[in-house]
Amino acid sequence: MTLTDAGPTGALRIAPSILAADFGALANSVREIDSETDWLHVDVMDGHFVPNVSIGPPVVESLRRYSSRFFDCHLMMTDPGRYLEAFKKAGADGCTVHVEVGGTASLINDARSLGLRVGIAANPDTSFERVAPFLGDIDLLLLMTVFPGFGGQSFMGDVMTKVTEARREIDANQLDVDIEVDGGIDVVTAPVAVGAGANVLVAGSAIFGRPAPLEAAHALRESARSAQR
Ligand code: DX5
Ligand code: ZN
């Protein structure tokens, strides 16, 4: 396995979101949870697509020196195409763009030609029909379980209908696509999401927001395993 291999598609993956970590001590935070996690979820917010601003390529580049995990960059941006190359150069392994911003087919092509693993994301109120046409061209489908923009929100259970629909479609067509959920994932909601068909679990507050992040990540994985089908 190379340093930044995503691992087998469909396998259970814990992806801590650094949004909930102490930005003044990111390198330590990331190292601390390394042994209990699989990917590192990097939330990029542009203050336009979402009403919040977070981090960009320079932070990815710095973090790359401290982690050999797969960097799963979630681009909550109106114009992600302008930055794909910068993220790739900074050390991103995968980039996920929101389907709501449009131009999805060409964004997928651009990301692919840069050698990135490619994801598309859908907000809670975006239908499965909107993402279904792209399933054959992507590696990851991110189904948001909160409206993006902030950590620490409550899991929206209604989205599980969409997760089930996506899992059915992906399995029926034997597609190599991960289903990721993001927002409000903890030891209670992780088994619900995995039971519905998700296999990549993003968690910010439930890991970095806990007094013992490593133990919290372990507990999250165990809770998810209990629901694996
Ligand atoms: C929301 C972000 C999430 C968020 C998850 O806009 O995409 O990744 O950080 O945070 P928790 O796990 O706290 O809901
Ligand atoms: Zn995210």
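1. In this predicted model, a good place to begin is the pairing of His98, which stands opposite Ala121 in strand E5. The strand to look at next to E5 is E4, which covers residues 94-98, and E4 and E5 pair in the parallel sense over five bridges. On E6, which covers residues 140-144, the bridge partner of Ala121 is Leu142, and E5 and E6 pair in the parallel sense over four bridges.

2. Strand E5 itself, residues 117-122, is mostly covered, since six of its six residues are buried. A student may ask which residues of E5 lie on one side and which on the other. Arg117, Gly119 and Ala121 are on one side, while Val118, Ile120 and Ala122 are on the other, and both faces are covered. This arrangement can be read against a general rule, namely that in a regular strand the side chains alternate between the two faces of the sheet.

3. The connection from E4 to E5 deserves its own remark, because E4, helix H4 (residues 104-113) and E5 make a right-handed β-α-β unit. Helix H4 packs on the sheet, where it touches both E4 and E5, and its direction makes about 150° with that of E5.

4. Stepping back to the whole sheet, eight strands form an open sheet with parallel pairing, and their order is E1-E8-E7-E6-E5-E4-E3-E2. Its edge strands are E1 (13-16) and E2, each of which pairs on one side only. On average, and with direction ignored, neighbouring strands of this sheet are turned by 25° against each other.

5. Within strand E4, the residue Thr96 is worth tracing by eye. Is Thr96 buried or exposed? Thr96 counts as buried because its relative accessible area is 1%, and the cut-off for that word is under 20%. Leaving aside residues up to four places away in sequence, Thr96 touches Asp72, Cys73, His74 and Leu75, then Gly119, Ile120 and Ala121, and also Leu140 and Leu142.

6. The zinc ion (ligand 2) has as its protein donors His41 through NE2, Asp43 through OD, His74 through ND1 and Asp182 through OD, lying 2.0 to 2.3 Å from the ion. The site of this zinc ion is octahedral, with angles of 67 to 169° among its six donor atoms. For comparison, ideal angles at a metal with six octahedral donors are 90 or 180 degrees. Along the sequence, the donor residues of the zinc ion are spaced H-x1-D-x30-H-x107-D. Two of these donors link distant parts of the chain, as Asp43 is in strand E2 (residues 39-45) and His74 is in strand E3 (residues 70-76), 31 residues apart.

7. The surroundings of those two donors can also be checked. Asp43 is buried, with a relative accessible area of 6%, and His74 is buried too, with a relative accessible area of 0%.

8. A last point concerns Glu85, which is found in helix H3 (residues 84-90). With a relative accessible area of 43%, Glu85 is partly exposed. How far apart in space are Glu85 and Gly115, C-alpha to C-alpha? Glu85 and Gly115 are 9.8 Å apart by that reckoning, although 30 residues separate them in sequence.

Definitions and conventions:
Residues are numbered from 1 along each chain as its sequence is written. Chains are lettered from A and ligands numbered from 1 in the order in which they are written. This is a predicted model: local features need pLDDT of at least 70, side-chain atom pairs count only at pLDDT 80 or more; totals for chains, interfaces and linings use all residues. Side-chain values use heavy atoms; hydrogens and water are left out. Buried means under 20% relative accessible area, exposed over 50%, partly exposed in between (1.4 Å probe, protein chains only). Helices (H or I, at least four residues) and strands (E, at least two) are DSSP runs, numbered from the N terminus. Two strands pair if DSSP finds at least two bridges between them. Donors are N, O and S atoms within 2.8 Å of the metal (3.2 Å for Na, K and Ca); water is not among the atoms, so sites may look incomplete. Four donors count as tetrahedral if all angles lie between 85 and 135 degrees; four count as square planar and six as octahedral if opposite donors are over 155 degrees apart and all others between 65 and 115; anything else is irregular. Axes are lines fitted to C-alpha atoms, for helices over the stretch in contact, and angles run from 0 to 180 degrees between N-to-C directions. Contact means heavy atoms within 4.5 Å.
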